[in-house]
Amino acid sequence: MSDNWVVSTLEDALSNWNDKLAEIWSLVSQTPESFRGGEIWTVIVSIHNALVGFGYGLLVLFFAMGVFRSAASFRELQRPEFALRHFIRFLLAKVAVGSSLELITAIYKICGGVVSTVMGGIGSAISTTATLPDKIVEAIEDVSFLESIPLWLVSLLGSLLITVLSFVLILTVYGRFFKLYMATAIAPIPLSSFAGQPSSSIGMAFIKSYAAICLEGCVILLACIIFSQFASSPPVVAEGLAPATVVWNYIGELVFNMLVLVGSIKMSDRIIRELMGLG
């Protein structure tokens, strides 16, 4: 551990950054039931169960709308195959609303399996943390006192930016849980749209959107893995450059990689929605 003030400032910022990455790693692997001890999930389940009755009411409404919109005449309403087709649709929609919590949980488990597979496939790749290379430490320690003053200011600004980016990262991952909870709570309402053929696209869009939220964890995980490989690569130090220039170049490259990671994680919802064709 160096006692140089510039080195200490950068190492403190990187330590905070690594702590947030480790927290992200644990959050991505958590389920909504276990997040924060499961207290939030208990409240969400209560809201969800309360909305099931409301979903049954909408079920009848969507069913009636579907029947009258798909019937060309009153004679068609009397056809047995027409009534049977809509009756089966109504029963399936009723099962979907009544078992909406189990359906939502199953979707999350399937998508969680994808995340677990990625985590198992990369092993300890993410364990590589961002550290200050020895070459940069030596370059900083070789700088004179007067030259270290502007260098310390640059390192201070870089450290503040790294700290802000680390909090943006963790807020984005926490935001994913908020979206999961809100979608779970209102699930009976969009699923009731399956009762009518014209409105069934609402329920299908909801299922796709929920699956996309679940798969955001996979994009977040991949972004962290890619960043860890960048962080583990030693910086390229050109011969003949002044120590201050070397340090500035390193801080700029490090902040740039962090900005790319933050941007990728913040756009994880957009990336997965485009891959799933949700626009």
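Visitor: Which side chains meet in a salt bridge at 3.0 Å, N to O?
Guide: This is a predicted model. A search of the whole structure finds one salt bridge. Its N to O distance is 3.0 Å, and the side chains that meet in the salt bridge are those of Lys179 and Glu216.

Visitor: How many residues apart in sequence are the parts that the pair of Lys179 and Glu216 ties together?
Guide: The salt bridge joins the side chains of Lys179 and Glu216. Lys179 belongs to helix α7 and Glu216 to helix α9 (residues 200-232), so the parts tied together are separated in sequence by 37 residues.

Visitor: Is Glu216 buried or exposed?
Guide: Its partner Lys179 has 26% relative accessibility and counts as partly exposed. Buried means under 20% relative accessible area. Glu216 has 5% relative accessibility, so the class for Glu216 is buried.

Visitor: What is the geometry of the ring pair Phe177 and Tyr181, stacked, edge-to-face or tilted?
Guide: The structure holds seven aromatic pairs. In the pair of Phe177 and Tyr181, the ring centres are 6.5 Å apart and the planes are at 35 degrees. Planes under 30 degrees apart count as stacked and those over 60 as edge-to-face. The angle of 35 degrees therefore makes the pair of Phe177 and Tyr181 tilted.

Visitor: By about how much of the helix are Phe177 and Tyr181 separated?
Guide: Both residues lie in helix α7 (residues 145-185). They are four residues apart there, so the separation is about one helical turn.

Visitor: What is the relative accessible area of Tyr181?
Guide: Ring pairs link Tyr181 into a cluster with Phe35, Trp41, Tyr174 and Phe177. Within this cluster, Phe177 is buried at 0% relative accessibility. Tyr181 is also buried, and its relative accessible area is 6%.

Visitor: Which helix gives the most to the nonpolar patch?
Guide: The nonpolar patch on the surface is formed by Trp5, Phe145, Leu146, Ile149 and Leu153, with about 530 Å² of accessible area together. One of these residues, Leu153, has its place in helix α7. With four residues, the element that gives the most to the patch is α7.

Visitor: Where is Glu141, and what is its class of accessibility?
Guide: Glu141 gathers with Asp134, Glu138 and Asp142 in a patch of negative charge on the surface. Its place is in helix α6 (residues 134-141). Partly exposed covers the range between the 20% and 50% cut-offs. At 44% relative accessibility, Glu141 in helix α6 is therefore partly exposed.

Technical notes. Residues are numbered from 1 along each chain as its sequence is written. This is a predicted model: local features need pLDDT of at least 70, side-chain atom pairs count only at pLDDT 80 or more; totals for chains, interfaces and linings use all residues. Side-chain values use heavy atoms; hydrogens and water are left out. Patches are made of residues with over 30% relative accessible area and no salt bridge: like charges are joined within 9 Å, nonpolar side chains (Val, Leu, Ile, Met, Phe, Trp, Tyr) within 5 Å. Accessible areas come from the Shrake-Rupley method with a 1.4 Å probe; for residues, only the protein chains shown count as cover. A salt bridge is a side-chain nitrogen of Lys or Arg within 4 Å of a carboxyl oxygen of Asp or Glu. Lys and Arg count as positive and Asp and Glu as negative; His and the chain ends are not counted. The place of a charge is taken as NZ of Lys, CZ of Arg, CG of Asp or CD of Glu. Helices (H or I, at least four residues) and strands (E, at least two) are DSSP runs, numbered from the N terminus. Buried means under 20% relative accessible area, exposed over 50%, partly exposed in between (1.4 Å probe, protein chains only). Rings of Phe, Tyr and Trp (its six-membered ring) pair if their centres lie within 6.5 Å; planes under 30 degrees apart count as stacked, over 60 as edge-to-face and the rest as tilted.
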